[in-house]
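Subject: The structure, and some notes on it

Hi there,

Here is the structure I promised to pass on to you. Please open it alongside this email, and my notes follow below.

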Amino acid sequence: GQRCETLSAGIGEDNNGINLMEFSDEILLHILSYVPCTDLVLNVRRTCRKLATLCLDKSLTHMVLLHKEYQVNKDKVKQLMRGIGKEIHQLNMAGCYWLPSHTIDHVIRCKNLVKLNLSGCHLTSLRLSKMLSALQHLRSLAIDVNPGFDAGQLSSECKATLSRVLELKQTLYTPSYGVVPCCTSLEKLLLYFEILDRSREGLILSGQLMVGESNVPHYQNLRVFYARLAPGYVNQEVVRLYLAVLSDRTPENLHAFLISAPGSFAESGTTKNLLDSMARNVCLDALQLPKSWINGSGLLQHLKFNNPFYFSFSRCTLSGGHLILQVINGGKDLKSLTSLNLSGCIRCLSSDSLFRKAEDDIDSSILESLVVSCCNLRHLNLSAAHHHSSESLGKHLCQLLARLKHLLALALPVCSITDVPPNTDKPPVQSMTNVVPPGLGKKIRIGVPTYTKNFLEQTNQKSQSSVFWTLLENLPFLKNLELIGSNFSSAMPRNEPAIRNSLPPCSRARSVGDSEVAAIGQLTFLQSLTLAQLPSILTGSGLVSIGLQCQHLRSLSLANLGMMGKVGYMSALMDMLKHCKCLRDLRLEQPYFNANTQFFQALSHCSALQRLCIISRSGTLQFDAVMSFMANCLEVVMCHMFMGESLTICKNLQQTILQSFQADRPALNVVIFPLLHEDLTEVIRDVPMMHLDEITLFKSRVAEEPPNLWW
């Protein structure tokens with residue numbers, strides 16, 4: 001729509017006498033590659049003869065991306081498939097939850113499809129069967145398996161297509177093998193287990209529902225096995241049934257084995273046999289295992305690796321000694337490693353002392369060995385731990401990490417970026433354990449910025465001498481930065497009621513304030529920023545620096561900044577937002593947050609904003625301000641607010657937004673609900689997985705999974 005009008009307006013001569021149509025075809029094709037395919041086919045090609053030809057060039061129609069094209073509706077999909085269906089080789093409709101299930105029927109026109117992603121789309125067994133029967137060239141498929149799925153409804157032609165599929169991504173919302181048994185040539189299998197322990201009707205689900213299924217998976221050609229489990233016993237039960245077949249005969253060509261499981265996922269006889277078989281028969285280049293499978297075992301000593309590119313030891317009790325000896329073999333060259341997740345590994349940078357406490361200083365020689373060996377790291381996650389540096393000259397964690405010049409994504413605990421241990425004589429900052437009721441604590445003037453230009457300059461001068469400033473100065477191409485308090489936990493975890501209390505921040509985190517946040521403004525190419533549990537944020541002046549300088553910022557997540565009884569950074573946040581022209585996703589989690597008219601007016605400057613999530617215990621909102629914001633920001637398709645308002649106010653606002661804007665925004669998803677209501681988990685289960693996973697639920701996303709896991 002708007003993008004097409006802009007392009008069309010530029011077709012004639014501009015004030016300088018330059019005619020767009022005088023550019024070469026190669027340059028025009030490059031420009032057109034930034035325009036969504038639906039706009040090219042349905043709008044731009046009608047502009048003139050030259051564009052009519054170029055818009056149908058194979059380089060533009062070979063791969064069609066509808067993922068996050070929120071304005072696409074069923075009619076546009078129908079027209080698109082009619083127009084260029086036979087030209088499409090790759091079709092990505094992942095997360096198009098708003099399209100009715102019959103829209104998928106039009107995919108049958110794409111006879112030459114090789115890759116198809118329908119994750120998050122409504123799809124029945126019969127529709128899948130009819131569609132796949134016609135797609136004989138298909139080699140890569142992503143689908144959801146929902147309650148009611150019946151493999152018995154798949155036709156022989158459909159099964160023939162599935163037998164040729166080499167890559168399968170399957171998200172399970174019910175205990176089932178899905179289409180895996182039909183895919184006899186699989187080389188890559190990605191499984192996402194999102195099965196709740198109880199059905200909507202309250203029935204307890206069980207993985208034993210699958211035992212009677214006659215078909216079992218075929219893994220003989222498997223190269224990549226990936227399984228990600230949401231919390232819940234049934235997910236563990238079902239994944240064990242998938243793994244049982246693997247343990248009988250481990251594929252010889254397996255080179256990536258990854259299981260991401262939250263909490264405790266106990267090792268069994270079957271999984272032990274599988275790991276023993278892997279140690280004997282395969283050579284891996286990517287590994288992730290549940291923490292209980294690694295803790296206390298000598299498994300890593302026996303597994304063989306060949307030019308590994310991804311390791312995740314998230315939440316394992318892996319000591320620094322084991323990390324050096326078993327993973328990087330005492331300093332072995334690991335230039336191939338591009339992604340490393342040590343999130344929650346509280347001892348991974350420390351010696352093997354039994355008497356060590358979590359808050360004790362790290363052993364800088366261990367980190368130095370890691371940095372030297374893994375010099376090409378692009379994604380590194382050290383969050384959810386206390387990585388405290390000693391005062392050794394030049395051996396601070398930030399100074400050592402500054403050597404990793406190729407880093408694109410970095411997650412650190414807040415307490416790891418302090419220059420020196422804080423002065424013990426310093427009065428303690430307000431603890432985050434106890435929420436300060438309104439009216440208590442230091443008064444903060446509202447409505448007038450509590451910082452000045454002079455103050456910003458002083459802040460920058462102070463931070464330029466810090467080790468954190470030096471770190472970021474040496475990482476100019478960083479795109480994703482997370483600074484998360486080592487004790488932080490979100491008020492809204494998965495599949496549970498809202499958490500009412502969180503642990504207090506680490507004492508060292510109390511010396512991280514506005515000047516450190518201002519240092520982030522150096523990152524010219526920053527696209528995603530997460531700041532959580534920074535108790536010493538006073539005015540939030542550092543946020544303004546980020547807004548002014550990080551012009552590519554697309555995703556911003558702020559949680560529990562400053563004192564918990566007051567939102568002291570509101571003026572700075574509003575100033576920051578006025579500069580965030582590329583911001584698409586905003587997540588705010590802060591008790592007592594007042595989503596008032598001034599806030600939404602500032603947010604309305606973010607013209608590209610698509611998704612907004614606010615989580616605030618005892619937070620308030622203004623009905624008219626929200627409605628005005630939704631009317632002004634035409635791109636917003638997700639509005640989630642979990643506040644302290646009553647159920648009646650929340651329901652009325654949610655219904656009014658949907659009635660006012662749903663017709664023009666087919667993808668609109670609105671959830672406004674009291675944070676501490678007992679039915680919160682029931683409401684959450686209806687949120688499209690794409691939104692839930694990417695923004696609503698808080699988590700560290702750096703090195704969460706291997707790069708380029710799926711196309």
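Below are my notes, from the whole chain down to single residues.

Please keep in mind that this is a predicted model, and that the values here are computed from it.

**The chain overall**

The protein chain has 711 residues, of which 53% are buried. Its secondary structure comes to 25 helices and 22 strands. If you take the contacts between residues at least 6 apart in sequence, 78% of them join residues at least 24 apart.

**Two helix pairs**

Two packed helices are described by the angle between their axes and the distance between the axes, so I give both for each pair.

For the first pair, look at helix α13 (residues 320-327) and helix α14 (residues 364-373), whose axes come within 10 Å and cross at roughly 30°. Because angles under 35 degrees count as roughly parallel, α13 is roughly parallel to α14. The crossing of these two helices is left-handed. On the α13 side, Gly-320, Gly-321, Leu-323 and Ile-324 make the contact, and they meet Ile-366, Ser-369 and Leu-370 of α14. Sorted by class, the residues of this contact are four nonpolar and three polar, with no charged ones.

The second pair is helix α19 (residues 541-549) with helix α20 (residues 570-577); their axes lie 8 Å apart, at an angle of about 0°. That angle makes α19 roughly parallel to α20. Here α19 contributes Ser-541, Leu-543, Val-544, Ile-546 and Gly-547, while α20 contributes Ala-572, Leu-573, Asp-575 and Met-576. By class, the contact of α19 with α20 holds six nonpolar residues, two polar and one charged.

**Cysteines**

You may want to know about disulfides at the bench: how many does the structure hold? The count is zero. Two cysteines can serve as examples. Cys-55 is in no disulfide, and the nearest cysteine sulfur, which belongs to Cys-48, is 8.4 Å away. With a relative accessibility of 1%, Cys-55 counts as buried. Cys-96 is in no disulfide either; for this residue the nearest cysteine sulfur is that of Cys-121, 5.1 Å away. A disulfide needs the two sulfur atoms within 2.5 Å, so a pair 5.1 Å apart does not count as one. Cys-96 is also buried, at 1% relative accessibility.

**Two residues in strands**

Is Ser-339 buried or exposed? Ser-339, which sits in strand β11 (residues 339-341), is buried, with 1% relative accessibility. Beyond its neighbours within four places in sequence, Ser-339 is in contact with Phe-309, Tyr-310, Phe-311, Leu-377, His-379, Ala-703 and Pro-707.

Asn-307 belongs to strand β10 (residues 304-312). Its relative accessible area is 58%, and since over 50% counts as exposed, Asn-307 is exposed. Setting aside residues up to four places away in sequence, Asn-307 touches Asp-285 and Ser-336. Measuring from C-alpha to C-alpha in the model, Asn-307 is 7.3 Å from Leu-337, although the two are 30 residues apart in sequence.

If you look at just two places, I would suggest the contact of α13 with α14 and the surroundings of Ser-339.

Happy browsing, and best wishes!

Note on methods
Residues are numbered from 1 along each chain as its sequence is written. This is a predicted model: local features need pLDDT of at least 70, side-chain atom pairs count only at pLDDT 80 or more; totals for chains, interfaces and linings use all residues. Side-chain values use heavy atoms; hydrogens and water are left out. Axes are lines fitted to C-alpha atoms, for helices over the stretch in contact, and angles run from 0 to 180 degrees between N-to-C directions. Helices (H or I, at least four residues) and strands (E, at least two) are DSSP runs, numbered from the N terminus. Angles under 35 degrees count as roughly parallel, over 145 as roughly antiparallel, 65 to 115 as roughly perpendicular and the rest as oblique. A crossing is left-handed if the near helix is turned anticlockwise from the far one by less than a right angle, and right-handed if clockwise. Contact means heavy atoms within 4.5 Å. Ala, Val, Leu, Ile, Met, Phe, Trp, Tyr, Cys and Pro count as nonpolar, Asp, Glu, Lys and Arg as charged, and the others, Gly among them, as polar. Buried means under 20% relative accessible area, exposed over 50%, partly exposed in between (1.4 Å probe, protein chains only).
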